[in-house]
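Please walk me through this protein chain, from its secondary structure to its core. Which parts of the chain pack together, and where do the exposed residues lie?

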Amino acid sequence: MKAKAFALALLALSSCARIYQVSLGADEVELFYREAEVRGYNLRDHDLIVKPGTLSGNTIGLCQLGGGPPTVTIDAEFWDTADADEREVLVFHELGHCLLDRPHVDDHLAIMSSYLLSSSYYAANKTALIDELFR
Ligand SMILES: [Zn+2]
């Protein structure tokens, strides 16, 4: 009986511990949390894994939900050649899926478009684009 109680307590503990493993894009993820907070969201308690990988075709980012912690895979080759704004919009897009549950939108000029925004457009319209992401 004692052993059983201990196992249950351990289970409860492990289900409360946050899983946070961000091995690339940590600055962009932090910025996403801050933009969320400015708009009244606290997403820091969510589990999150962000890791580099090799994605096929022209896919540069992937969010996987269900069965485990929300997991973002970023194409490592793209990441290495991307500029700061491209990295930011990619991480914001994937976290839009993984933490905000947002699907793709038809609008090509939105963070949740299936196509990566150009860094110049993103830089020039950042506040409005991020407002729309958290709407
Ligand atoms: Zn997407």
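A residue is called buried if 20 or more other C-beta atoms lie within 10 Å of its own, and exposed if there are 12 or fewer. The model described here is a predicted one.

The secondary structure of the protein chain consists of six helices and four strands. Read from the N terminus, the elements follow the order α-β-α-β-β-β-α-α-α-α. The chain has 135 residues, and 21% of them are buried. Among contacts with a separation of 6 or more, 51% are between residues 24 or more positions apart.

The strands can be taken in turn. β1 (20–22) and β2 (48–53) run parallel and are joined by three bridges. One of the pairings is between Y20 and L48, the latter in β2. Between these two strands the chain passes through α2, and the resulting β-α-β crossover is left-handed. β2 is also paired with β4 (71–75), again in the parallel sense, over five bridges. Here P52 stands opposite I74 of β4.

β4 has a further partner in β3 (residues 61–64), which runs antiparallel to β4 and is joined to β4 by four bridges. In this pairing, G61 is the residue opposite I74. I74 therefore has to be looked up twice when tracing the pairings of β4: P52 stands opposite I74, and G61 does as well. β3 and β4 form a hairpin with six residues between them, and G66 in the turn takes a positive phi of about 100 degrees.The helix in the crossover, α2 (26–38), has 13 residues and reaches 19 Å from its first C-alpha to its last, close to the 18 Å expected at 1.5 Å a residue. Its buried residues are E28, V29, F32 and E35. These lie on the same side of α2 because they cover an arc of only 120 degrees around the axis. On the other side of α2, the exposed residues are A26, R34, E37 and V38. The buried residues of α2 pack against β1, β2, α4 and α6. Just after the helix, G40 has a positive phi of about 90 degrees.

The packing of α2 leads to the nonpolar core. In soluble globular proteins, nonpolar side chains tend to be buried together. The largest nonpolar core of this model has 18 residues, and V91, F92, L95 and I111 have the most contacts inside it. At least two core residues come from each of α2, β2, β4, α4 (84–98) and α6 (126–133). The largest share, six residues, is supplied by α4. What does V91 touch, leaving aside its neighbours within four places in sequence? V91 is in contact with G25, E28, V29 and F32. Of these, E28, V29 and F32 are among the buried residues of α2.

One more backbone detail lies beyond α4. D101 is placed in the loop between α4 and α5 (119–124). The phi of D101 is near 65 degrees, a positive value in a residue other than glycine. Is D101 buried or exposed? D101 counts as exposed because there are 10 C-beta neighbours inside 10 Å.

Methods:
Residues are numbered from 1 along each chain as its sequence is written. This is a predicted model: local features need pLDDT of at least 70, side-chain atom pairs count only at pLDDT 80 or more; totals for chains, interfaces and linings use all residues. A nonpolar core is a set of buried Ala, Val, Leu, Ile, Met, Phe, Trp, Tyr and Cys residues joined through C-beta atoms within 7 Å. Two residues are in contact if their C-beta atoms, placed from the backbone, lie within 7 Å. The expected span of a helix is 1.5 Å times one less than its number of residues. The arc is that of the directions from the helix axis to the C-beta atoms. Two strands pair if DSSP finds at least two bridges between them. A crossover is right-handed if, with the strands pointing away from the viewer, the path from the first strand over the helix to the second runs clockwise.
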